[in-house]
Amino acid sequence: MIKHLRLKAYGKINLGLDVLRRREDGYHEVRMIMQTVGIFDRIDLIWKEAPGIQVETNLYYLPTNENNLVYKAAKLLMDEFRITDGVTIRLNKFIPVAAGMAGGSSDAAAVLFGINKMFQLGLTAEQLMERGVKIGADVPYCVMRGTALSEGIGEILTALPPVPQCQVLIAKPAISVSTKFVYEHLHANELRPDQHPDIDGIIDGIRRQDLRQISAKLGNVLETVTIREYPVIQEIKDRMLEYGAIGSLMSGSGPTVFGIFTSPKAAQDAYEEMRFGDAAHLAKQVYLTNFYNQKEQTKGVQM
Ligand code: ATP
């Protein structure tokens, strides 16, 4: 048994997000291009002799009980393997919360990985992914990481080649968007063909390693709901393009917006404008990062 593990849980953005239809059971069938980015939460797992799961976090408004996804992930494996020791989970959040970056799902994936390692349970990544889907539809992807096509309700995953490296500017406005609200207002079965993003075009761009094609095809059908409700999302997209991004899009159900830059200088200048300059009033959290790259992808969840 390992007494202390330090983990990184990376956030994701969507290069494409399409909703094909709303099923009779209320779930939505999606086609999404997922991409891990270099923004991560820090998670420490500390073994303790006394039984129980204890969660500590730097954000006062996050739950520390079974409603936190890190708690759920630890409990799932510890119950299944009848582990009678305890664990303290220290969660340091940096990924914006409720922002469309799968922060909670990624934390859960890292804890599944960490508990498996700490107690030497011997589960493979696939076995962790099978268990992860019980916690959330995005958890299997967060175990896998990298560039992937996600289908079904998010649980059917196909790995894609890594996207060419570039700078990614991420900006989250000071609004909260409820994923439930967005899907309820989408009316997925009444969308016009031209409202669906060209997911196959993005995949083709990835296979060709053509960042311009990928950037030209970026699309998220959920913007049809969120931008109408929160015009600031469009304002941030426009600013990023004005500052030299070759493409810009809202991630997930929002409100986080990202911009893709091929010039490090333009990306740095845009970051400064969004953070301290003329556009600083638009976003509360601003980060300059990269796509999480191939070399790191092979290392698994723990870095
Ligand atoms: P997604 O991209 O999957 O929609 P998200 O970025 O919208 O995810 P999260 O940040 O993962 O949303 O979590 C949103 C909600 O989940 C929060 O309101 C929070 O109370 C709850 N939550 C539970 N565990 C966590 C966690 N470890 N980190 C963040 N939020 C958590």
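Me: What makes the approach of G104 to the ligand a polar contact?
Reply: A backbone N or O atom of G104 lies 2.7 Å from an oxygen atom of the ligand, and a polar contact is a pair of N or O atoms within 3.5 Å, so the pair at G104 qualifies. A backbone N or O atom of A98 lies 2.8 Å from a ligand oxygen atom, and a polar side-chain atom of D138 lies 3.3 Å from a ligand oxygen atom. The model is predicted, so local features need pLDDT of at least 70 and side-chain atom pairs pLDDT 80 or more, while totals for chains, interfaces and linings use all residues. Residues are numbered from 1 along each chain as its sequence is written, and side-chain values use heavy atoms, with hydrogens and water left out.

Me: Which of the residues around the ligand come nearest?
Reply: Of the 19 residues around the ligand, N68, A98, A102, G104 and D107 come nearest, where a residue counts as near if one of its heavy atoms lies within 4 Å.

Me: Why are α1 and α2 called roughly parallel?
Reply: Helix α1 (residues 69-80) and helix α2 (residues 103-118) pack at about 30 degrees, with axes 8 Å apart. Angles under 35 degrees count as roughly parallel, over 145 as roughly antiparallel, 65 to 115 as roughly perpendicular and the rest as oblique, and α1 and α2 are therefore roughly parallel. Their contact (heavy atoms within 4.5 Å) includes L69, V70 and A73 of α1 and G104, S105 and D107 of α2. The residues of this contact divide into eleven nonpolar, three polar and one charged.

Me: What makes the phi of A98 stand out?
Reply: Phi of A98, a residue other than glycine, is near 50 degrees, a positive value, and A98 lies in the loop between β4 (86-92) and α2. Most residues other than glycine have a negative phi, and most peptide bonds are trans. Q209, in the loop between α6 (199-208) and α7 (211-217), has a positive phi of about 60 degrees although it is not a glycine.

Me: How do you know whether the peptide bond from G254 to P255 is cis or trans?
Reply: Its omega is near 5 degrees, and the bond is cis; P255 is found in the loop between β9 (247-250) and β10 (257-261).

Terms used. Axes are lines fitted to C-alpha atoms, for helices over the stretch in contact, and angles run from 0 to 180 degrees between N-to-C directions. Helices (H or I, at least four residues) and strands (E, at least two) are DSSP runs, numbered from the N terminus. Ala, Val, Leu, Ile, Met, Phe, Trp, Tyr, Cys and Pro count as nonpolar, Asp, Glu, Lys and Arg as charged, and the others, Gly among them, as polar. A polar contact is a pair of N or O atoms within 3.5 Å; within protein, one must be able to donate a hydrogen and the other to accept it, and residues adjacent in sequence count only if both atoms are side-chain atoms.
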